[in-house]
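Q: Please take a close look at one helix in this structure, and at how its two sides differ. Then carry on to the other parts of the fold.

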Amino acid sequence: MSEDRDAKWFAEKLSDRSIRGIALETSALIRAGALPVGTKLPPIRDLAFVLGVSPATLSEAWSELRRQKIISGRGRNGTWVSGDRFVAKPARLASVGDYGSDALNLTAAVPDVQLLPKLEAAMAYGASAENLNSYERNRILPELEGEVRKSWPYEPEAFLATNGGYNAVYTLINALVMPGAAVAIEDPTGMRLLDILEDRGARIVPVKCDDEGPLPASLEEALKYRPVAFIFQPRIHSVTGQSVSPARMARIADILRDKDTLIVEDDGIADISTAPRHSMGHLFPDRVIHILSFSKTHGPDLRLAVLSSSRAIIDQIQSYRSFSSGWTSRILQAAAAWLLRDPATAACLDHARMTYRERRAGLIGALRERGVNARHGEGLCAWVPVSSEPFAMVTLAARGIAVHPGAKFSILSSSHLRVATAKLSERRDYVADAIALAAVHT
């Protein structure tokens with residue numbers, strides 16, 4: 001049996017009248033059951049009038065929900081909620097194509113497995129972890145906490161081990177951010193971070209960046225929306241390869257000083273970077289959440305990250321985890337602690353750091369020689385400016401090269417390519433030649 005919802009009902013529920021806001025808030029209503037499957041939506045013109053937006057704005061929002069298969073139908077027959085066919089999925093990540101075995105796939109900014117430390121001895125040690133196989137929900141193994149404290153950028157009240165960096169972000173967002181709440185985030189940023197926020201139904205407020213980090217004026221503008229949290233990558237940006245300068249970090253702290261916004265510091269690249277770790281945790285220990293992932297440095301199959309914050313915030317995050325995994329494998333935590341003490345692992349990481357830096361710098365240098373003004377930095381990928389993303393993508397595809405368009409990493413308009421460099425040890429000149437051709441569209 002179908003239900004109807006009139007335009008007045010919608011007007012009371014939708015607070016964000018932008019295209020993205022209408023789409024996100026309507027999808028949140030559907031997920032919450034306020035708009036059950038079979039509900040007939042008001043005519044576009046009627047609803048647009050009550051909301052005070054143009055019919056074109058509402059039509060674009062509905063088109064986005066149709067693409068996600070959340071609603072169906074149009075025209076005189078009306079539009080209906082078809083949520084029985086809706087499956088939540090990370091839209092940006094899920095849209096990564098299958099480029100075939102012949103393509104040079106430079107889409108995945110992941111570590112080179114040949115540069116990761118060996119895990120055999122660490123895993124054998126982990127199998128004798130303290131309190132192994134207990135159902136007690138420990139937040140972090142004391143042994144691992146002791147090791148991470150040695151290099152943590154501030155002295156936090158509490159730590160929590162999670163099943164990787166994105167799991168840390170996903171868990172804290174679901175624990176601390178209500179659907180429809182505003183969240184400020186760097187632009188560009190990790191596409192999976194955007195997927196997580198969109199899945200939660202958060203209102204994403206982009207903060208523009210330059211070579212030194214988030215722009216103060218853009219952050220001040222974003223704070224007018226009273227975001228619950230501000231997410232950024234202070235040590236090294238996973239997309240652009242830039243680090244937040246000490247001066248910019250201090251300016252950001254000044255802007256956030258009298259606010260109640262949660263500050264999420266995401267260190268996903270970790271010790272691949274030569275940049276020192278820094279944090280605002282010593283200034284705002286009651287609302288900073290600092291995340292360190294071990295996936296890029298010690299191996300993604302460790303499924304491990306550590307976050308720190310106040311005890312109150314850790315309690316909230318752990319409470320949400322109780323609905324699912326409850327705790328992170330003690331075997332993996334003990335193995336990570338062993339690796340952090342192991343001199344051979346430290347030497348392996350030093351070699352990997354140098355190699356990644358050389359590979360990225362090699363491509364950037366080759367592009368600059370060809371007139372493409374990409375920025376030097378660090379990390380596992382390069383952020384390359386182009387005049388037209390569609391033209392650049394087609395040009396590279398015709399030459400058997402797959403990269404990501406910058407639009408996947410941005411809420412704002414983008415004219416970039418994200419090119420993975422971590423495994424680009426050969427064919428660098430071929431790639432640089434192709435990107436130089438793709439970068440200019442006349």
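A: What follows starts with one helix and then moves on to cores, sheets and rings.

This is a predicted model. Start with helix H11, which covers residues 246–256. Which residues of H11 are buried? They are Arg248, Met249, Ile252, Ala253, Ile255 and Leu256. Look at where they point. Around the helix axis they cover an arc of only 160°, so they lie on the same side of H11. Now turn to the other side. There, Pro246 and Ala247 are exposed.

What do the buried residues of H11 pack against? Their partners include one helix, H10 (216–223). The strands S7 (203–210) and S8 (213–214) are also partners. So are strands S9 (229–232) and S10 (262–267).

Next come the nonpolar cores. The largest one has 41 residues. Leu144 and Met280 have the most contacts inside this core. Helix H14, residues 330–341, gives the largest share of the core, with six residues. Take Leu144 and list its neighbours, leaving out residues up to four places away in sequence. Leu144 touches Leu304 and Val306. It also touches Gln333, Ala336, Ala337 and Leu340. Another core lies apart from the largest one and has 28 residues. Among them are Ala158, Ile173, Ala229 and Ile291.

Now for strand S16, residues 416–420. Is S16 enclosed or open? Four of its five residues are buried, so S16 is largely enclosed by the rest of the structure. Strand S13, residues 381–385, is joined to S16 by five bridges. These two strands run antiparallel. Two of the residue pairs are easy to find. Pro385 has His416 in S16 as its bridge partner. Ala382 has Val419 in S16 as its bridge partner. S13 is mostly covered too, with four of its five residues buried. Strand S15, residues 404–405, is also joined to S16, by two bridges. S15 and S16 run antiparallel. Here Pro405 stands opposite Leu417 in S16.

Compare this with an open sheet of three strands. Their order is S1-S3-S2, and the pairing is antiparallel. Strands S1 (40–41) and S2 (71–72) stand at the edges. Each has a single partner strand, so one side of each is left without a neighbour in the sheet. Two bridges join S1 to S3, residues 79–81. Lys40 stands opposite Trp80 in S3.

Finish with the rings. A pair of aromatic rings is described by the distance of the centres and the angle of the planes. The structure has seven aromatic pairs. One of them joins Trp9 and Phe10. Their ring centres are 5.4 Å apart, and the planes are at 80°. That makes the pair edge-to-face. Trp9, Phe10 and Trp62 form one aromatic cluster. Is Phe10 buried or exposed? Its relative accessible area is 0%, so Phe10 is buried.

Charged side chains also meet rings. Arg277 lies over the face of Trp152, 4.7 Å from the ring centre. The charged end of Arg287 sits over the ring of Phe284, at 4.5 Å from its centre.

Note on methods. Residues numbered from 1 in each chain as written. Predicted model: local features only at pLDDT ≥ 70, side-chain atom pairs only at ≥ 80, totals over all residues. Heavy atoms only, no water. Phe/Tyr/Trp six-rings, centres within 6.5 Å; stacked < 30°, edge-to-face > 60°. Buried < 20%, exposed > 50% of the residue type's maximum accessible area, 1.4 Å probe, protein only. Lys NZ or Arg CZ within 6 Å of the ring centre and 35° of its normal. Arc of directions from axis to C-beta. Contact = heavy atoms within 4.5 Å. Core = buried A, V, L, I, M, F, W, Y, C linked by side-chain atoms within 4.5 Å. Pairing = 2+ DSSP bridges.
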